[in-house]
Amino acid sequence: MSVLSVLRITLAKDLRMEWRSKDAINSMLFFALLVVVIFSFSFDLTADESRQIAGGLIWVALLFAAVVALNQTWARELRNQVLDAYRVSPAPAESLFLAKTIGNFLFVAILELLMTPLFIVFYNLRSIGPVYQLILASVLGNWALVVNGTFFGAMSIRTRSREVLLPLILFPISIPALLAMVGATTSTLTGEGSAHLSLVFLAVYDVVFTLLGLFLFETVLQAE
Amino acid sequence: MYLILGENGAGKSTLLRVIAGLIHPSHGKLAILDSGDLKTVRPQLGYMAHASMLYDELSGRENLAYFAALYGIRVQATGDRAMRTVGLDPELDRRVGQYSQGMRQRLSLARAILNDPRILLLDEPFSNVDIGSARDMTRLLGSMRDSGKTIFLVTHQPALLEGVADESVYMSAGRIVERVQHRASSATLQAAEAQP
Amino acid sequence: MKSKFAIFALLTFVLLSWGLYQALVGAPTEATMGQVQRIFYYHVPNAWVMELCFPLNFLASIIYLVNRKAAIDAFAVATAEVGVVFCTVVLLTGPIWARPVWGIWWTWDARLTSTLVLWLIYVGYLMLRKLSTGGPNPVLAASFAIFGCIDAVFVFMAIRWFRTQHPKPVFAGGADSGIDPRMMHAFLINLLAFTCYGALLVWIRYSLERTRQKVDEAHAMKSLLHQEARSSR
């Protein structure tokens, strides 16, 4: 039984369940919408100013919203202790980790797609730098958030405090990635400075933490 | 078939969870099928717990298809056969969340026997099950035992399994305090009856 | 063990007192910064102890995941907690010095920012431990510590690369040339004293944690035996 086949079937199962309930995606979307609206109420900005700070706002909103989805995907495995069925089976732990990460990546990607027009409308945004950099930043940044988020979600869901813990351990770890995402986005939007260093940094961050997660996930999954 | 009996909190469920590899023993070692490495034994284990270990949002068939895939079984027929074995209709297009307690229990058993395990661990399979369903399940377990499977069963209703169980293991405070062989005794009983 | 501890504690106390005397009286007043510079004898040794504690925690976490010895886990707890305490002192004494010298409490300078992020990561670690008592606590904590330590590398790089628009303040009075030998003397004494102090705290916290582990285990055994007595009645 290969890592890939279990990965595929787990991902398909997750997407099917999400398609039926739409719990994660709905709560995440609404949450992100609230954050955007509240931010835009709180600051009264000119087009130039919003270019300066939009990069930060987008990523903070995404980070908060992602936590909602991350908790949901693991809470689903905890109901009826389904996770134990996975733990007693010979299926590789890595498949579960990757399937959940990819699933969360897709959810956050959908969120990004829907949030972009919102930001453009609310903050009068227009990018001065090349748009492909924004796309690259959103893909790499998304992965950086969800790869750690999925790992820590699996950790926090196994503790007494459940959902409360996730942001407390995810946010500090995500700070360097967040700096790079905001850096890349802001420098592209304003057209000042180069986004290349940030993007390379994000790519390295993604690779390192994906490998680390794969390496340690079985330990965390089988911890009792 | 071993019945594991004892008071609440005697460590019956914990024993099953240790055998299933969900908990590591804090002292001592565990060897299953001549192997100390639980990972190699996993394909041979079937485990049914208090909780259903099923996704409420999926149908019975979808649940079994997923769990079968975790054992590398990609044939739909396997899940369907397991459902028929426990007396459920595979065509039933209903989410498990809408199942009755008894049906869920049956499906849970179907999930545990999907991979045709050599060792079956059952934690209170008859709780909240009507007496008819319990009899069906007992019959099924009896035939599984006869086909050479080892079954460990935690229960508060040992009467249901009379004539099926081979040995009762009494636990108290995390220790096995007594073991009673039924098969052997019934065999000697028959021998005694045959004597005169 | 007890007498060794007493001797070490006494030594630490003497060193700390001597260090305090040297810092306040022995060392001359710095020409440009004045009296406030003396906090330096406190600030830098604290940072040093913090920088010792976190890598030790990282090592202990890796070793724990390999051998799962409760003693190693106790050491990891001890180093993390002491590290956070010393890190907090660093973050508090920094602004006290910065305010009169730089004229501001805080700046997003590379060193300050990375210390703050490090603090956040390890407070997260302690929160994880706190919120997951019972259950898989030590394994999760050790895994998180490994993430945290590798993340720290990214933190240093990210802050250096993406936060450089702020001017880097000139750090006067470092251990470089031109420092008064009496200042150097006071600094080294304090460095030694605080290293001993940190080690002492780790020692205390470690034995406390070991005791807690043993008490927990004894409680678990006792409740089992209690149950046995009840069921045999």
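# Questions on a predicted model

Visitor: How much of the accessible surface of chain C belongs to carbon and sulfur atoms?
Guide: The accessible surface of chain C comes to about 12,300 Å². Such areas come from the Shrake-Rupley method with a 1.4 Å probe, and for residues only the protein chains shown count as cover. The share of carbon and sulfur atoms in chain C is 70%.

Visitor: What kind of model is this?
Guide: Residues are numbered from 1 along each chain as its sequence is written, chains are lettered from A and ligands numbered from 1 in the order in which they are written, and side-chain values use heavy atoms, with hydrogens and water left out. Local features need pLDDT of at least 70, side-chain atom pairs count only at pLDDT 80 or more, and totals for chains, interfaces and linings use all residues, for the model is predicted.

Visitor: How many helices and how many strands does chain C have?
Guide: Both are DSSP runs numbered from the N terminus: helices are H or I with at least four residues, strands are E with at least two. From the N terminus on, chain C reads α-α-α-α-α-α. The count is six helices and zero strands.

Visitor: What part of the residues in chain C is buried?
Guide: Buried means under 20% relative accessible area, exposed means over 50%, and partly exposed lies in between (1.4 Å probe, protein chains only). Chain C has 233 residues. The buried part of them is 43%.

Visitor: Among contacts in chain C between residues at least 6 apart in sequence, how many join residues at least 24 apart?
Guide: A contact has heavy atoms within 4.5 Å. Of the contacts in chain C between residues at least 6 apart in sequence, the share joining residues at least 24 apart is 79%.

Visitor: Now chain B. Which strands are the edge strands of its sheet?
Guide: The sheet is open, with six strands in the order 2-3-4-1-5-6 and mixed pairing. An edge strand pairs on one side only. Pairing takes at least two bridges found by DSSP between two strands. The edges in chain B are strand 2 (45-48) and strand 6 (175-181).

Visitor: How many bridges join strand 3 to strand 4 in chain B?
Guide: Strand 3 covers residues 119-123 of chain B, strand 4 residues 150-154, and they run parallel. One bridge pairs B:D123 with B:V154. The number of bridges joining these strands is five.

Visitor: What angle does helix 1 of chain B make with strand 3?
Guide: Helix 1 (residues 12-20) packs on the sheet, touching strand 1 (2-6), strand 2, strand 3, strand 4 and strand 5 (167-172) of chain B. Axes are lines fitted to C-alpha atoms, for helices over the stretch in contact, and angles run from 0 to 180 degrees between N-to-C directions. With strand 3 of chain B, the angle of helix 1 is about 150°.

Visitor: Which residue with a positive phi follows helix 1 of chain B?
Guide: Helix 1 of chain B holds buried residues, including B:L16, B:I19 and B:A20. Just after the helix, phi is positive, near 85°. The residue there is B:G21.

Visitor: Which element gives the largest share of the lining of the largest cavity?
Guide: A cavity is a set of points on a 1 Å grid over the protein atoms alone where a 1.4 Å probe fits but cannot get out; lining residues have an atom within 4 Å of a point. The lining includes A:V88, B:Y71 and B:N115. Strand 2 and helix 5 of chain B each give two or more residues. The largest share, three residues, comes from strand 2 of chain B.

Visitor: Helix 5 of chain B lies across which strands?
Guide: Helix 5 covers residues 101-113 of chain B. Its direction is at about 165° to strand 2 of chain B. The strands that helix 5 lies across are strand 2 and strand 3 of chain B.

Visitor: Where is B:D116?
Guide: B:D116 has a positive phi of about 50° although it is not a glycine. Its place is in the loop between helix 5 and strand 3 of chain B.

Visitor: Why does A:G141 count as buried?
Guide: A:G141 lies in helix 6 (residues 131-156) of chain A. Beyond its neighbours within four places in sequence, A:G141 contacts A:W59, A:M181 and A:L202. A:G141 counts as buried because its relative accessibility is 0%.

Visitor: Which residues does A:L197 touch, not counting those up to four places away in sequence?
Guide: A:L197 lies in helix 8 (residues 196-222) of chain A. A:L197 is partly exposed, with a relative accessible area of 40%. The residues touched by A:L197 are C:W161 and C:F162.

Visitor: What is the relative accessible area of A:N80?
Guide: A:N80 sits in the loop between helix 3 (47-78) and helix 4 (82-88) of chain A. A:N80 is not a glycine, yet has a positive phi of about 60°. A:N80 is partly exposed, with a relative accessible area of 22%.

Methods: On a 1 Å grid over the protein atoms alone, a cavity is a set of points where a 1.4 Å probe fits but cannot get out, and a pocket is an open set with protein on both sides within 12 Å along at least five of seven lines; lining residues have an atom within 4 Å of a point.
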